[in-house]
Amino acid sequence: MTKSPFSHAGNQLALFILLLSSVPFCPPVLDSWNATSSPCDWPEIQCSADGFVTGILLKDYNLTGSIPDSISTLENLTVLDLAFNFFPGSFPTAVLNCSKLQYLDLSQNLFVGNIPAGIDRLKSLQYIDLGANNFTGDVPPAIGNLTQLRTLNLYMNLFNGSYPMEISNLVNLENLGLAYNDFSLAAIPPEFESEIPGGLFLLKNLSRVYLYKNRFSGSIPQVIESLNMVEIDLAMNSLTGRIPEDIGKLEKLELLNLFANKLYGEVPPSIGLIPSLKNFRVFKNSLNGTLPPEMGNHSKLEAFEVSDNHFTGNLPDNLCSGGNLFGVVAFNNNLTGEIPKSLGNCQSLRTAQLYGNNLSGEIPLGLWSALNMTSLMLSDNSFSGELPSQVAWNLTRLEINNNKFSGPIPQGLTGLHQLITLLLDGNSLSGELPSEIISWKSLTTLNLARNKLSGPIPPAFGYLPDLLDLDLSQNQLSGEIPPQLGKLKLTSLNLSSNQLTGRIPAEFDNMAYVSSFLHNSLCATTIPNLTNCYAKYRHTKKLSPGILAVVLVLAAILFLITILMTRFLIRDYRRKKLTRDLATWKLTSFQRLDFTEVNILSSLAESNMIGSGGSGKVYKIAVDRADQMLPLRGSGMTRKWIICWRKNFLLRFKSLVLFAMPI
């Protein structure tokens with residue numbers, strides 16, 4: 001007798017209650033799982049029309065605990081998605097009893113151990129994703145018996161056994177993801193010669209192959225018949241040999257990642273003709289020759305990355321013909337010629353990394369100011385011309401060092417508020433540094449070394465809040481270092497080989513900056529290879545021999561002038577004093593005098609004394625008048641005093657009082 005559609009509802013309900021009981025923490029979203037409703041009414045459960053559970057969708061619910069063995073009773077289960085949870089332990093082998101299972105996703109959990117050897121019991125399986133767990137050992141050969149399988153994802157595990165050659169038997173396989181594993185080279189079957197199985201690319205339905213970040217070696221299979229291929233990612237292995245010509249036949253190919261291998265030879269020109277190609281990445285190999293000239297001319301190319309190879313010749317002219325190109329990465333090659341002018345009209349471009357080549361000429365003006373450009377890296381070439389007044393507003397990296405650019409640094413370059421790195425060193429830039437900084441608020445690295453810049457260091461450089469590395473060495477900068485630079489929290493500073501003078505800011509006067517100020521005229525107090533500021537001050541007091549001789553001569557002349565002036569002043573003083581002393585004589589004349597001082601002095605003798613008293617002695621002095629004598633009284637005069645008075649030219653005579661009257 002046929003059971004009603006819900007005859008198993010009780011059993012199913014009991015199963016889910018058991019499932020919930022195994023979950024230590026039940027999220028609120030599962031509150032609807034209760035005994036009062038049918039599991040088919042729960043949003044996480046899918047049921048068939050006749051009421052049987054066919055799907056359990058519990059992706060990203062942060063579930064933990066264990067998956068109960070009773071899940072095997074869900075005979076009609078076709079979809080089981082438990083991805084992005086925290087289920088631990090080994091592979092839930094009870095799932096192998098769900099023989100109708102078509103979709104199994106246990107990725108992004110914490111499963112460990114081996115994949116069961118009986119995985120092929122899931123004959124109907126079309127999609128299996130066990131990625132991002134911790135499975136180890138070998139991938140079981142039985143996986144090759146899942147002939148209905150279209151997607152096999154075993155990426156990011158710890159497989160360290162052999163690569164299963166039986167994968168080549170999966171004739172319906174479309175997507176293969178084995179990336180980020182560590183398959184043992186020694187364990188790979190000898191018939192593969194440590195290479196990717198040749199039969200892999202013979203699978204007609206194969207459209208996506210992800211074998212990146214393993215340890216595959218050998219060459220890429222040269223015969224490719226998987227004409228539906230959309231994405232090939234064999235990056236980060238040890239593959240050698242040449243890029244297969246048959247890749248050029250894959251008209252649906254959108255992504256080709258072969259980077260970080262050991263491939264050599266030329267890139268087949270036919271790859272440039274693929275109409276669907278969007279991403280072409282072959283960097284970090286040993287490829288040589290010229291790049292496919294038609295690259296980008298037949299498809300809407302988005303990424304072109306060929307760096308770290310040995311390519312020669314020019315860049316393809318039409319990389320941005322489709323208008324979708326966002327990256328040109330071709331550094332560290334031997335490319336020559338100029339940058340294609342078409343790149344100057346590529347407004348979708350976000351990064352151009354062409355450093356380390358032999359490119360020359362001027363940069364297309366539009367490349368400087370491309371609307372979406374964030375990084376322009378053109379160092380170590382032979383580009384020339386002047387820097388433009390306007391560049392892309394959202395640049396974060398501008399690296400054009402070691403070229404032949406000339407002229408001044410435009411003021412507009414200081415208005416890039418998102419700029420993080422600015423490398424202009426090793427050019428022929430001239431003029432003064434911008435005196436004002438419009439907006440370098442995000443700048444962390446500024447290198448202007450090895451140019452011909454002159455003038456002072458602007459104080460505005462000291463107000464860059466995020467600056468960590470500053471190099472202004474080998475220029476012709478002059479003047480003192482602005483003290484504002486001391487406010488910067490620098491990890492490296494180089495101002496060497498300029499014409500700077502004065503004292504370095506106190507914040508830099510320590511051994512951390514011992515090589516930051518060489519070959520200038522600067523002084524410090526603690527940096528040994530700079531002049532000591534105190535010693536320099538003392539040294540300035542010591543004159544050179546020539547200057548010292550001049551100073552001595554001038555001092556001698558000044559000394560002689562001083563002596564002469566002193567003698568002149570003394571003589572003048574004595575003359576004036578004599579005049580004053582003579583003015584102290586008082587002569588009272590009652591009539592015309594017919595005698596002089598000589599007459600008086602010669603007559604001051606004892607023989608002419610006519611009297612003496614308390615007021616002194618009285619002498620008689622003969623005058624020129626007949627029979628007339630002049631009495632003279634001298635107060636306190638002695639012979640010795642008179643002689644002294646004569647000898648000193650009348651200068652010391654102070655108390656002589658003269659008066660004359662007729663007798």
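**Parallel strand pairing, salt bridges and a nonpolar helical patch**

In the predicted model, strand 21 (residues 310-313) and strand 23 (residues 334-337) are paired in the parallel sense over two bridges, and within this pairing Gly-313 stands opposite Leu-335 of strand 23. Strand 23 is in turn joined by two bridges to strand 25 (residues 358-362), with the two strands running parallel; here Gly-337 is the residue that stands opposite Leu-359 in strand 25.

Parallel pairing is also found in an open sheet of four strands, whose order is 4-6-8-10. The edges of this sheet are occupied by strand 4 (88-90) and strand 10 (158-159), each of which has a single partner strand, so that one side of each is left without a neighbour in the sheet. Strand 4 is joined to strand 6 (residues 110-113) by three bridges, the two running parallel, and Ser-90 stands opposite Val-112 in strand 6.

For the protein as a whole, the secondary structure comes to six helices and 42 strands. Of its 663 residues, 47% count as buried, and among contacts between residues at least 6 apart in sequence, 43% join residues at least 24 apart. The accessible surface comes to about 32300 Å², with 55% of this area belonging to carbon and sulfur atoms.

A buried position in one of the strands is provided by Thr-54, which is placed in strand 2 (residues 53-57) and counts as buried because its relative accessibility is 15%, under the 20% cut-off. When residues up to four places away in sequence are not counted, Thr-54 touches Gln-46, Cys-47 and Ser-48, as well as Asn-76, Leu-77, Thr-78 and Val-79.

The structure holds six salt bridges, three of which are described here. In one of them, the side chains of Lys-204 and Glu-225 meet with an N to O distance of 2.9 Å. Lys-204 lies in the loop between strand 11 (175-177) and strand 12 (208-210), whereas Glu-225 lies in the loop between strand 13 (217-219) and strand 14 (231-233), so this pair ties together parts that are 21 residues apart in sequence. Glu-225 itself counts as partly exposed, at 35% relative accessibility.

A salt bridge is also formed by the side chains of Arg-281 and Glu-305, with an N to O distance of 3.2 Å. This pair links distant parts of the chain, given that Arg-281 belongs to strand 18 (residues 279-281) and Glu-305 to strand 20 (residues 303-305), 24 residues apart. Arg-281 is buried, with a relative accessible area of 17%, and Glu-305 likewise counts as buried, at 17% relative accessibility. In the salt bridge between Asp-246 and Lys-249, the side chains meet at 3.5 Å, N to O; Asp-246 is buried, with a relative accessible area of 17%, while Lys-249 counts as partly exposed, at 43% relative accessibility.

Positive phi values are found at two residues of the loops that follow strands 18 and 20. Lys-284, although not a glycine, has a positive phi of about 60°; this residue is placed in the loop between strand 18 and strand 19 (286-290) and is exposed, with a relative accessible area of 53%. Asp-308, also a residue other than glycine, has a positive phi near 55°. The loop that holds Asp-308 lies between strand 20 and strand 21, and Asp-308 is partly exposed there, with a relative accessible area of 30%.

Turning to the helical part of the chain, the unreviewed UniProt entry lists residues 546-570 as "transmembrane region". Over these residues the model is 100% helix and 0% strand, and the end C-alpha atoms are 36 Å apart. A nonpolar surface patch of about 550 Å² is made by Val-550, Val-553, Leu-554, Ile-557, Ile-561 and Met-565. Of these residues, Ile-561 is found in helix 4 (residues 545-582) and counts as partly exposed, at 44% relative accessibility.

Methods: Residues numbered from 1 in each chain as written. Predicted model: local features only at pLDDT ≥ 70, side-chain atom pairs only at ≥ 80, totals over all residues. Heavy atoms only, no water. Salt bridge = Lys/Arg side-chain N within 4 Å of Asp/Glu carboxyl O. Buried < 20%, exposed > 50% of the residue type's maximum accessible area, 1.4 Å probe, protein only. Contact = heavy atoms within 4.5 Å. Patch = residues over 30% accessible without salt bridge, like charges linked within 9 Å, V, L, I, M, F, W, Y side chains within 5 Å. Areas by Shrake-Rupley, 256 points an atom, 1.4 Å probe, with all protein chains shown as cover. UniProt positions renumbered as here; feature names shortened; annotations may be inferred. Pairing = 2+ DSSP bridges.
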